[in-house]
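Trainee: I am new to this structure and would like a close look at a single part of it. Could you take me slowly through one region and then show me how the surroundings relate to that region?

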Amino acid sequence: MTADTAQMPKGPVHPRPGPDHILGMSISRLTRRRLDNFRANRRGYWSWWVFMALFLLTLPAEFIANENPLLISYDGSYYFPVLVTYPETTFGGDFETEAEYRDEFIQDLVNAKGWMLWPPVRYSYRTINYDLEEPAPSSPTNENWLGTDDQGRDVVARLIYGFRISLLFGLTLTLFSSIVGVAAGAVQGYFGGWVDLIFQRIIEIWAGLPTLFLLIILASIVEPTFWRLLALLLLFSWLSLVGVVRAEVLRARNLEFVRAARALGVGELQIIRRHVLPNAMVSTFTFLPFILTGSVTALTSLDFLGLGLPPGSPSLGELLNQGKQNLQAPWLAFT
C-alpha cells in the first residue's frame with residue numbers, strides 16, 4: 001500500500017451537495033454566499049436580531065400590556081376579556097355595562113368562584129392609575145415599572161404600544177414608498193429621452209414643496225390619523241429611491257442579455273420586470289433601512305411637535321415631549 005492509497009478516505013464518497021435550503025425553501029449558492037457575508041458582519045447581524053426581537057415582542061401588545069385579564073375561570077366557564085367584552089352581570093355584578101376588572105368589587109366576585117390570569121403589565125396605553133402614592137408623573141414602583149406620565153398612564157404600556165405603532169408605520173411607509181419609487185425610477189431609466197427629462201423636472205418641482213407646511217395645513221383642517229399621515233408622507237418619501245433605481249436601470253438596459261431579449265421580441269414590461277429590475281434591486285435594498293429609520297423618525301418628530309397622531313395615542317414622540325416638559329421626572333426622559 002502506497003502513501004497515496006493510505007490517505008484516501010474510506011467509505012462512499014458523497015456527491016457535491018445541491019442547492020441550500022432555508023425555512024424549507026431552496027436558495028441558490030449566490031444567495032447563500034450573501035447570507036454568509038451578512039452573518040460575518042456582526043454589528044448588522046446582531047442588530048437584525050435585536051430589531052426582530054423587539055418587533056415580535058411588541059406586536060402582540062394587547063397580550064403583554066392590558067387592563068383586562070387574559071383569561072378568567074368563573075363558575076366552571078372560561079372567558080377571554082382581552083378579546084371579548086363582557087358585561088358586569090356575567091360575573092354576578094349589578095349593571096349591564098362593561099366589567100371593570102381592576103375594580104376590587106369585580107375581582108372579589110370573580111375570585112369567589114374562580115380566578116383571573118393577568119398579562120405581565122396590568123395597564124393599557126390609555127389606562128389611568130388612580131391609586132398613585134404621589135402626584136403624576138409618579139416615579140417607578142412595583143406597580144408601574146417605569147413610572148407614569150403626567151396624566152397617570154403607565155409608561156411601560158405606552159412605550160410598548162408606541163414602539164409597535166411606530167414600527168408598523170415605518171414598515172408600511174417603506175413598503176409603499178419602495179413600490180412607487182422603484183416603478184418611477186425604472187420607467188425613467190429604461191425609456192430615457194423625453195420621458196426621463198419630463199420626469200426629472202416633475203420630481204424637482206415636487207421635491208421643492210414644503211412637507212412641514214402641508215402637515216400643518218392638514219392638522220388645521222382635519223384630525224391627523226395613521227392613514228392620513230401615511231398618505232401625506234408617501235407623497236414625498238418615494239423620491240429618495242428614484243435616483244438610485246434610475247441610475248441602475250440606465251446601466252442595466254444596455255447589457256447584452258437585455259439587448260438580446262429586445263431583439264427576440266420580448267415585451268418592454270417583461271424585460272423591465274424579469275431582466276432589468278433584478279439587477280437594479282441590489283443597490284435599492286441598501287436604502288431600505290434608511291427609509292425605515294427616516295419614516296419612524298418622521299412620525300416621532302411630528303408627534304413631538306403635536307402634528308402627528310391624535311391626542312392620547314401611544315407615541316414615542318409624545319413620550320419624548322413629556323420628558324422635555326417634565327424635567328423633574330427624569331424617568332420619562334430616560335425612557
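Mentor: Let us start from the two domains and work towards the pocket that they share in lining. This is a predicted model, and in it the centres of domain 1 and domain 2, taken over C-alpha atoms, are separated by 22 Å. The domain assignment of the protein chain places domain 1 at residues 32–62 and domain 2 at residues 156–332. Across the boundary between them, eight residues of domain 1 are in contact with nine residues of domain 2.

Both domains also take part in the largest pocket, since its lining draws at least three residues from each of domain 1 and domain 2. This pocket has a volume of about 1,600 Å³, and of the 36 residues that line it, Phe38, Trp48, Phe285, Leu288 and Pro289 are the closest to its centre. If you follow the lining element by element, you will find that at least two residues come from each of strand S2 (25–27), helix H2 (29–40), helix H3 (42–58), helix H5 (155–191), helix H11 (268–285) and helix H12 (288–305). Among these contributors, H3 gives the largest share of the lining, with nine residues. In terms of residue class, the lining of the largest pocket divides into 26 nonpolar, eight polar and two charged residues.

The second largest pocket offers a useful companion view. Its volume is about 480 Å³, and it is lined by 20 residues, of which Glu100, Arg102, Asp103, Ile128 and Asp131 lie nearest its centre. The lining of this second largest pocket has six nonpolar, four polar and ten charged residues, whereas the lining of the largest pocket has two charged residues and 26 nonpolar ones.

Finally, there is a sheet to trace in the chain. Three strands form an open sheet in the order S4-S3-S5, with antiparallel pairing; strand S4 (77–79) and strand S5 (114–117) are the edge strands, each of which pairs on one side only. From one strand to the next, the twist averages 15 degrees. Strand S3 (residues 71–74) and S5 run antiparallel and are joined by four bridges, and if you look at Tyr74 you will find that its bridge partner in S5 is Gly114. Helix H4 (residues 104–113) lies across S3 and S5, and the helix runs at about 120 degrees to S5.

Key:
Residues are numbered from 1 along each chain as its sequence is written. This is a predicted model: local features need pLDDT of at least 70, side-chain atom pairs count only at pLDDT 80 or more; totals for chains, interfaces and linings use all residues. Side-chain values use heavy atoms; hydrogens and water are left out. On a 1 Å grid over the protein atoms alone, a cavity is a set of points where a 1.4 Å probe fits but cannot get out, and a pocket is an open set with protein on both sides within 12 Å along at least five of seven lines; lining residues have an atom within 4 Å of a point. Grid points are joined across faces, edges and corners, and a volume is the space filled by probe spheres set on the points. Ala, Val, Leu, Ile, Met, Phe, Trp, Tyr, Cys and Pro count as nonpolar, Asp, Glu, Lys and Arg as charged, and the others, Gly among them, as polar. Domain bounds come from an automatic or database domain assignment. Two strands pair if DSSP finds at least two bridges between them. Axes are lines fitted to C-alpha atoms, for helices over the stretch in contact, and angles run from 0 to 180 degrees between N-to-C directions. Contact means heavy atoms within 4.5 Å.
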